[in-house]
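Student: Let's go over the voids and the surface of this one. Please put it up.

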Amino acid sequence: MAGVRADHSSEFGYFVTPRFNVRWSPVEILTLKASAGKGYRTVHPWAEYNYLLASGRQMVVDNLRQEEAWNYGVSAEVSVPVGAQTIRASAEYFRTDFLRQAVVDYDSRPGVLLIADLKGKSYSNVMQVEVTWESSFGVSATAAYRLNDVKTTYGGKLMEKALTSRYKALLTVGYKTPLELWQFDATFVMNGGGRMPAPYMTSDGSMSWDARFPAFPSLNFQATRYFRHFSVYIGGENLTNFRQKNPIVDASQPWSPTFDPTVVWGPISGAMVYAGIRVNL
């Protein structure tokens, strides 16, 4: 399937958006897909980045152009019957090349948050593999791994995009009892580390943060008991109790240019347990 779209904007003039998708299934259990196309996006910086106003840095927003990028991708999915069950596995790769992009630059000037047009290269490579298994006795599981290679030019230097995890690994397991009276679900996620924006000296003489943030785990669990007209559930989030230390930089000096609560890369609250009831009307 191929297509093309033409638009005229009162602000940006004419632009054309082509797109191409192909799907091929050489055998019943295998599906191959590929896609390519171009995309445009109009940036509304004060709406999209209003959370940055909490920072003590001076916020400078250039007259931004429309974002423009090419994207490409391929994927393969296979479904293999194993007795009465089916195992589904998939692999995919997607790349985006930005020709124009609004870049949030923490790095070039320590006291300034600059939102400006891209000057240089910017791209994203994302690779993911996933395996799903569903059994006939109520157990289902999904395992996935995603690798992110995201780089943007800041101040003339091509660097990893700040606050973006290098990888993410996920495992979910679910179980329903034979009469479907009970359901149990657990999700474990391992978030890979990544680059922090360029650190700076705070008002007390210490560094704002380390050059990189570490990998961290997260575990969620929920158990549900079903009744005829309602269900009761209990669960927990972030049961590994991982928390980002000092998420608010220079918290004792909220009016200083070194105050910054916007550089958050992990959970800031510890383990949480909850319970509730659902009523079917």
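Student: What's the volume of the largest cavity?

Tutor: About 60 Å³. On a 1 Å grid over the protein atoms alone, a cavity is a set of points where a 1.4 Å probe fits but cannot get out, while a pocket is an open set with protein on both sides within 12 Å along at least five of seven lines. The volume is the space filled by probe spheres set on the points, which are joined across faces, edges and corners.

Student: Anything I should know about the model first?

Tutor: It's predicted, so local features need pLDDT of at least 70 and side-chain atom pairs 80 or more, whereas totals for chains, interfaces and linings use all residues. Numbering runs from 1 along each chain as its sequence is written, and side-chain values use heavy atoms, without hydrogens or water.

Student: OK. How many cavities of 30 Å³ or more are there?

Tutor: Just 1.

Student: And which residues line the largest cavity?

Tutor: Asn148, Asp149, Val150, Glu160, Lys161, Thr164, Ser165 and Arg166, each with an atom within 4 Å of a point. By class that's 1 nonpolar, 3 polar and 4 charged. Asp, Glu, Lys and Arg count as charged, Ala, Val, Leu, Ile, Met, Phe, Trp, Tyr, Cys and Pro as nonpolar, and the others, Gly among them, as polar.

Student: Which strand gives the most to that lining?

Tutor: E10, with 3 residues. Strands are DSSP runs of at least two residues, numbered from the N terminus.

Student: On to pockets. What's the volume of the largest?

Tutor: About 470 Å³. It has 24 lining residues, and Ser208, Trp209, Asp210, Lys245 and Asn246 are the closest to its centre. The lining splits into 12 nonpolar, 6 polar and 6 charged.

Student: Which residues are closest to the centre of the second largest pocket?

Tutor: Tyr49, Val104, Tyr154, Lys161 and Ala162, out of 17 lining residues. That pocket has a volume of about 310 Å³, and its lining has 10 nonpolar, 3 polar and 4 charged residues.

Student: Which strand gives the most there?

Tutor: E7, with 3 residues. Strands E7 (102–105) and E10 (139–154) each supply at least two.

Student: Now the outside. Which residues form the nonpolar surface patch?

Tutor: Val27, Ile29, Val80, Val82, Ile87 and Val131, with about 420 Å² of accessible area together. Areas are Shrake-Rupley with a 1.4 Å probe, and only the protein chains shown count as cover for residues.

Student: Is Val27 buried, partly exposed or exposed?

Tutor: Partly exposed (between 20% and 50% relative accessible area), at 44%. Val27 sits in strand E2, residues 13–27.

Methods
Patches are made of residues with over 30% relative accessible area and no salt bridge: like charges are joined within 9 Å, nonpolar side chains (Val, Leu, Ile, Met, Phe, Trp, Tyr) within 5 Å. A salt bridge is a side-chain nitrogen of Lys or Arg within 4 Å of a carboxyl oxygen of Asp or Glu. Helices (H or I, at least four residues) and strands (E, at least two) are DSSP runs, numbered from the N terminus. Buried means under 20% relative accessible area, exposed over 50%, partly exposed in between (1.4 Å probe, protein chains only).
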